[in-house]
Amino acid sequence: MKMKALVIESPRQAVVRELPVPRAKPGEIVVRVKRAGICGTDIHIYNGEYLSPYPIVPGHEFSGIVSEVGEGVEGFREGDRVSADPNLSCGRCRFCLSGRANHCERWAAIGVTLPGAMAEYVAVPAELAMRLSDRLSFAEAALVEPVACVVQALRRLKPGTADSALLFGAGAMGQQWVQALAMSGVSELVVVDLAEEKLEMAAKWGATRTVPGGRVAEELEDRRGKNGFDIVVDTTGIPRVIEDSFQYLGPCGRYVQFGVTTEEATVALRTFGLYQMEWTLIGSMALNHTFAPALAWLEAGRLSVGHLVTRELSLEGALEFFRGDRRSSDMKVQISFE
Ligand SMILES: [Zn+2]
Ligand SMILES: [Zn+2]
C-alpha cells in the first residue's frame, strides 16, 4: 500500500511523493494522521539548520486514528483516537537514568530523525502514544506536543507567585506561554510582538500589557536594569531580540531561551551584568515526560489552543508553506487530512 508524504530530500529541496505505508513492528502502532502541525523546528529542518538526516519526512506534532496495532501492544485498538510524544529515549543511558531523557545518548524523534507525520500514516512506539477523549478535536490534539514543551520549560523556570514577566513573541508558542504564565500566578505579564492582532490575542488571554516590537526601547525605557523583570522569556529565536532582552532582566532575574535559533547563532551578553545582577539563564529543549501533563491541561480545558490554528493546508499547500508562502498572521499552521 502506498501513501502520500512530504519529503525533505535535502536542505531546501522538498517534494510530495508516494511512499510505502509503514507496517507496525512489534511494540508499535500505525496512526492514520488527521492533523500534523508545522512548527519553527520544521522550517529549520527544511533550511538545513537542525539535527535531521536527509531525506526526512517531518512532522512531530500530530494526532490521528490507530490503523494497525503491532505484536505485543496492549491498550490500543484500531480506531482509537491518539496523539503521541515524538521523542524516543533508551531508558538506560546516564541521562535517561537521571531524569534527563531529552538528552538521551540514543535520542531519536519522529519527524526529526525518524519518518514523521507529514504523511498519511506514521509508525509510533505504542509506549509514546496516548488515547484522547472525544472532547479534544484532532486540531487541538496535534498541539499537545508544543504544550508539553511549554510544560517542560515552566518546570525548569518554576515561576514564582507574583513574579513580573516579560515575554518576547506572541505566535503560537508565545500564546501558550501567555496562558500558562497567567495561570501560574505572575503579577505582571508584558508581551512583545510585531503583529497587532497577536498582541490583541495575548491581551485577551492574560497579558497585562502589550508592546509593539518596534516600540520596546521607548515603552520599556524605565524597565531596564534594577527596574527590570523577574522573568524574561524569548520565544522568537531571533538573536538580536535575545541580545536586546537582557537589559530588561532585573536583579536575580531568570531568563528562558525557548525560541530556537540556528545552531551557529551567538549573542553578546554583558558578563558583568550576569555577575552583578545574579541572573539565571535557562535553556529548555523539547519535552521530558511532560506529554501526559500537557494532555491533562488540554483535556481539563485549562489551556485553550483551538484558536491558535490559523490555517489548514494540504500536503501540497505545506510544500508551498515551506517554500515561503508564510504570512505574518500565521500562528499554528496545520496539515489536515480530515
Ligand atoms: Zn514543534
Ligand atoms: Zn537514554
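**Close-up views of a predicted model**

**View 1. The zinc ion (ligand 1) is held by donors that follow the spacing C-x20-H-E along the chain.** In this predicted model, the protein donors are Cys39 (SG), His60 (NE2) and Glu61 (OE), which lie 2.1 to 2.4 Å from the zinc ion (ligand 1); donors are N, O and S atoms within 2.8 Å of the metal (3.2 Å for Na, K and Ca), and sites may look incomplete because water is not among the atoms. Distant parts of the chain are linked here, since Cys39 sits in the loop between β3 (28–38) and α1 (40–46), while His60, 21 residues apart from it, sits in the loop between α1 and β4 (61–69). Helices (H or I, at least four residues) and strands (E, at least two) are DSSP runs, numbered from the N terminus. Cys39 has a relative accessible area of 14% and is therefore buried, and His60, at 5%, is buried too (buried means under 20% relative accessible area, exposed over 50%, partly exposed in between, with a 1.4 Å probe and protein chains only).

**View 2. The zinc ion (ligand 2) has four cysteine donors, Cys90 (SG), Cys93 (SG), Cys96 (SG) and Cys104 (SG), lying 2.3 to 2.4 Å from it.** Along the chain these donors follow the spacing C-x2-C-x2-C-x7-C. The arrangement is tetrahedral because the 4 donor atoms subtend angles of 102 to 117° around the zinc ion (ligand 2); four donors count as tetrahedral if all angles lie between 85 and 135 degrees. Both Cys90 and Cys96 are buried.

**View 3. An open sheet of 6 strands, paired in parallel, has the order β12-β11-β10-β13-β14-β15.** Its edge strands, each pairing on one side only, are β12 (209–212) and β15 (280–283). Two strands pair if DSSP finds at least two bridges between them; β11 (residues 189–193) is joined to β12 by 4 bridges, and Asp193 has Pro212 in β12 as its bridge partner. Helix α5 (residues 196–204) packs on the sheet, touching β11 and β12, and its direction makes about 165° with that of β11. Contact means heavy atoms within 4.5 Å, and axes are lines fitted to C-alpha atoms, for helices over the stretch in contact, with angles running from 0 to 180 degrees between N-to-C directions.

**Notes.** Residues are numbered from 1 along each chain as its sequence is written, and chains are lettered from A and ligands numbered from 1 in the order in which they are written. Local features need pLDDT of at least 70 and side-chain atom pairs count only at pLDDT 80 or more, whereas totals for chains, interfaces and linings use all residues, and side-chain values use heavy atoms, with hydrogens and water left out.

Notes:
Four donors count as tetrahedral if all angles lie between 85 and 135 degrees; four count as square planar and six as octahedral if opposite donors are over 155 degrees apart and all others between 65 and 115; anything else is irregular.
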